[in-house]
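Got the structure open in your viewer? Let's take a walk through it, one selection at a time.

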Amino acid sequence: MDRTFAVPKRRQRVVLLLEPAAAVEGTIFLEPVHDGVPAYRAVAAFLEDHSRFFPFLPDRTGQTECINKASVLTVEMEYEADRDDSSFPLDLLQREEITVVFRNGNEMRGILLAEVPEERSRLSDCLNLPDKFLRIRSKSTLFYINKAAILKVV
């Protein structure tokens, strides 16, 4: 008797940058969410949940691996600015051009996207949110950057 148990998941194409800076393309599996929830929120919830490991299906092998979130430097996904920006709560969205300097010396430049009220909109406030990952937009790409991998932000 086949006792396969499958939980329905939403697939999301991403590029993971893993320590020590190895990029891997593949698919992550998100919890099913309401149709109105944009992909950027589903990925943020996925990264911020309590689990330490997550299943990842890399394109190169086609065999599911379990990745430790602590080893993820960045998660990169396509971002349709015209469509996806409209789903951000504009009254809470802070945008600021920043440069992230990683512990390994690499840098990434983009626009920090933080959902905070005006009174908590300083860069230091946004960086000190309890989230483990920052959201940075660069052209048509959204990056989730592991705060543990950051040396400084300017």
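Select Thr 99 and show whatever it touches. Setting aside its neighbours within four places in sequence, Thr 99 is in contact with Glu 107, Met 108, Arg 109, Lys 152, Val 153 and Val 154. Keep in mind as you look around that this is a predicted model. Thr 99 belongs to strand β6, which covers residues 93–102. Is Thr 99 buried or exposed? Its relative accessible area is 13%, and the cut-off for buried is under 20%, so Thr 99 counts as buried.

Now switch to a cartoon view and pick out the strands. In what order do the 10 strands of the open sheet run? Follow them as β4-β3-β2-β1-β5-β9-β8-β7-β6-β10, with antiparallel pairing. Colour the two ends of that order next: β4 (65–68) and β10 (150–153) are the edge strands. Each has a single partner strand, so one side of each has no neighbour in the sheet. Turn the view a little and look for the twist, which averages 45° from one strand to the next.

Next stop, β5: select residues 72–78. Five of the seven residues of β5 are buried, so the rest of the structure largely encloses this strand. Which strands does β5 pair with here? One of them is β1 (residues 10–18), joined to β5 in the antiparallel sense over four bridges. To find a spot along that pairing, click on Leu 17, whose bridge partner in β5 is Thr 74. Another is β9 (residues 141–146), which pairs with β5 over five bridges, again antiparallel. Here you can pick out Met 77, which stands opposite Leu 142 in β9, and then Glu 78, whose bridge partner is Thr 141. While you have a strand on screen, try showing side chains: in a regular strand they alternate between the two faces of the sheet.

Leave the strands for a moment and select helix α1, residues 39–48. Seven of its 10 residues are buried, so α1 is largely enclosed by the rest of the structure. The buried ones to highlight are Ala 39, Tyr 40, Ala 42, Val 43, Ala 44, Phe 46 and Leu 47.

Last, the cysteines. How many disulfides does the structure hold? Zero. Click on Cys 66, which counts as exposed at 59% relative accessibility. Then jump to Cys 126, which is buried, with a relative accessible area of 3%.

How values were computed. Residues numbered from 1 in each chain as written. Predicted model: local features only at pLDDT ≥ 70, side-chain atom pairs only at ≥ 80, totals over all residues. Heavy atoms only, no water. Pairing = 2+ DSSP bridges. Axes fitted to C-alpha atoms, helices over the stretch in contact; angles between N-to-C directions. Disulfide = S-S within 2.5 Å. Buried < 20%, exposed > 50% of the residue type's maximum accessible area, 1.4 Å probe, protein only. Contact = heavy atoms within 4.5 Å.
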